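Colleague: Could you walk me through the hollow spaces in this protein?
Modeller: Gladly, let's look at it together.

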Amino acid sequence: DLGVNSLEQLCINFANEHLQCFFSQTVVAQEEEEYSQEQLAWIPISKMYSESCLDFLAAKPHGILCILDDQTSLTQGTDHTFLQKCHYHHGNSPWYTKPKLPLPVFTVKHYAGPVTYQVHKFLNKNRDQLRPEVLDIFSQSRLKVVSHIFQKAKAAYSQQRLLGAGGKGLKPQASTLVSKFQQSLQDLTSKLKRSHAFFIRCITPNPKKLSNIFDVEYVTCQLRHSGILEAIHITKEGYPVRLPFHNFLARYGLLAGRRHNCLEEREGCMAVLSHVVGNPSDLYQIGLTKVFLKEKARQLLERRWNQRQSWAIVTLQRNFRCLLRRQRLRVLQEKVTIIQAHFRGYQARKRYRRLKKTLVQFNTMILVSRLLIQRRKQCQVTTLLLGPGDVGLLEIPAELAALLQLAEGQYRAQANQITEALPPEVKVKDDVSLPPTINSYPFSSFIKSHFQKTGFPAPGQPLEHPLTYLDAEYEESALEINKLILRFIGDKDLHGWQEALLGNYIAWRGLNNVALRNEIFSQVVAQTWKNPDMEYSRRAWVLMATLLSCFAPSPALEKPLLKFVSDHGMEGYNAVCQRKILTAAQYTEIDSTLSRAYPPTQLEWTANQRRGKMVLDVHTFNEEKFSAEVESWMTGEQYAGWLLNARGCDKKPRGWSISMFTGNTWQDLLGCDFVLDLIGEME
């Protein structure tokens with residue numbers, strides 16, 4: 001159906017109707033032949049749509065094409081007289097539609113849909129004549145093929161003129177375009193009937209021929225126009241599902257039980273269908289070699305087959321689970337004695353560790369009490385009350401007291417290995433900056449949402465309860481850490497290695513317990529807030545920088561703490577703490593609980609106390625040596641990447657790391673681990 005349809009399009013659509021009729025007849029013949037081979041009753045199909053339309057177009061004497069030939073042969077015949085003849089003979093035909101307005105058009109209802117034709121130049125195109133002068137010129141051509149063709153055409157033209165010369169009121173009878181087209185179509189149909197025809201339909205998924213686009217309406221239109229839907233309708237009139245006996249029994253034989261194994265194939269199929277569909281039934285027929293089924297019968301068989309499969313699967317699962325449970329019970333019965341023995345041993349070891357810890361605490365209490373008694377004797381005081389500045393009398397954990405007795409020589413040896421150095425050859429890139437919304441997160445917002453009381457306690461005073469909301473199991477630990485922080489900040493007897501050991505012990509408590517980290521940072525902030533003693537305030541900021549070196553605040557505390565150190569940090573320490581918070585945030589975005597594996601190293605303690613930067617001497621395997629700056633939150637892969645970039649490697653290096661040689665052994669570092677944890681593990 002084009003924008004303007006003329007005689008050419010009518011001929012094309014007539015050919016399509018003719019071929020569709022042949023296609024339908026062939027399908028019906030094949031269906032009838034298959035039913036005959038299987039000795040089944042064949043139900044004749046009523047006259048098809050395309051056959052009726054063909055009669056309307058080509059039947060004599062009043063078919064559309066016959067009327068066109070008749071009007072072509074008349075001297076006074078015109079397009080208008082042809083149209084009036086069509087209206088007269090076919091005005092009431094179901095295949096024909098007259099225009100509502102007096103227009104030179106008519107509409108034919110083809111099997112693929114209605115098409116409107118304009119009769120302008122219908123008769124002129126149907127005559128299809130060549131002038132005699134043209135025939136003479138081409139018949140005298142020097143090319144034998146051209147001359148042969150036009151000599152035949154000239155002879156046929158002369159013969160037609162002789163046959164039609166005696167007519168009265170008629171033009172000489174000539175072969176028209178429609179008659180030639182019909183003859184050619186009949187020849188084609190005769191050849192197709194003599195051959196074994198195969199039909200191939202090509203379906204386009206969309207009009208633009210693009211991939212991954214399926215236009216349902218467009219495909220449906222193609223199926224209807226190509227006659228596939230009509231062929232399906234023909235097949236559906238009978239039994240569309242046909243299965244050989246062997247395939248049918250292989251699929252549905254189990255529905256009849258075990259009895260079908262001792263029957264013949266045809267009897268087995270009959271038993272299955274009788275059991276599932278019923279007997280007799282018009283939903284199926286059984287031929288000589290095949291079972292013919294309606295779609296409803298196939299659906300019943302499939303539904304019953306799915307139910308049987310589900311039942312079989314559930315039965316297998318039930319038996320297999322029973323087998324597994326029995327095996328597991330047998331293993332548990334065999335191992336229950338071993339489990340009991342291990343559990344009793346675990347209880348005994350746990351009781352032993354508890355007794356050992358109690359003994360160490362008792363020994364520590366004796367040492368502390370001895371020192372307290374000596375002070376009491378010296379001061380001749382009967383009772384001793386704790387004052388605001390007397391933090392040296394706050395008790396410390398037993399394990400920390402034991403460490404203070406054992407670690408003096410080791411810390412002094414490590415402190416001697418750290419020296420001042422010249423500016424490094426490889427410096428850290430300064431690629432971090434304060435977030436633009438930092439002013440929207442004052443520390444007071446964290447106090448309102450997370451503190452039990454809105455306000456800081458007085459500097460130097462022990463806490464009666466934790467600052468933040470904690471579970472009951474962590475409250476005692478928070479108060480112990482508060483006493484340690486007060487000892488670190490206010491005990492003037494702490495110097496050098498003792499100060500580093502106590503700070504590392506506080507950091508170790510935060511590393512081992514994520515729930516206490518915000519509480520520790522809050523307690524240190526409380527000691528820095530409006531502290532009149534500059535020395536105590538300096539120690540508090542050293543402890544703050546040390547804690548930020550090994551673990552980061554939670555996401556809720558990160559920006560308020562960054563705002564606090566930026567606004568109220570002691571000179572020099574504000575930049576150090578800012579840098580540590582921002583670099584740590586790059587890793588805690590993925591895991592908010594990420595931290596260092598070990599407390600800060602002696603190198604970090606020295607750098608934090610002096611508000612300086614850290615430098616390591618790096619040796620390569622080609623005996624080169626250079627100094628490179630390092631940070632607390634720097635991984636092995638990041639450190640190695642900066643070193644390689646400094647040596648001229650433009651691409652981003654991946655998979656590189658560093659190793660440390662101590663004594664006679666090499667200690668390797670994973671690329672995702674932190675550089676200073678390698679030194680911390682050695683310390």
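The questions below deal with the pocket and the cavity of this predicted model.

Colleague: Which strand gives the most to the lining of the largest pocket?
Modeller: Good place to start. Several elements each supply at least two residues of this lining, among them strands S7 (614-619), S8 (625-630) and S9 (659-662) and helix H24 (636-646). With 6 residues, the top contributor is S7.

Colleague: Which residues lie nearest the centre of that pocket?
Modeller: The pocket has a volume of about 1600 Å³, and its lining counts 46 residues. Those nearest its centre are Val615, Leu616, Asp617, Val618 and Tyr639.

Colleague: Which domains each give at least three residues to the lining of the largest pocket?
Modeller: Helix H23 (602-610) and helix H25 (675-682) are both among the contributing elements. At the level of domains, at least three lining residues come from each of domain 3 (398-417 + 428-610) and domain 4 (614-682).

Colleague: How many charged residues are in the lining of the largest pocket?
Modeller: Nonpolar residues number 26 there, and polar ones 12. The charged residues come to 8.

Colleague: And the largest cavity, which helix gives the most to its lining?
Modeller: A search of the whole structure turns up 1 cavity of 30 Å³ or more, and the largest cavity has a volume of about 30 Å³. Its lining consists of Ala552, Pro553, Glu558, Ile581, Ala584, Ala585 and Thr588, which divide into 5 nonpolar, 1 polar and 1 charged. The helix that gives the most, with 4 residues, is H22 (residues 573-588).

Terms used:
Residues numbered from 1 in each chain as written. Predicted model: local features only at pLDDT ≥ 70, side-chain atom pairs only at ≥ 80, totals over all residues. Heavy atoms only, no water. 1 Å grid on protein atoms, 1.4 Å probe; cavity = no way out; pocket = protein on both sides within 12 Å on 5 of 7 lines; lining within 4 Å. Points joined across faces, edges and corners; volume = space filled by probe spheres on them. Nonpolar A, V, L, I, M, F, W, Y, C, P; charged D, E, K, R; others polar. Domains from an automatic or database assignment.
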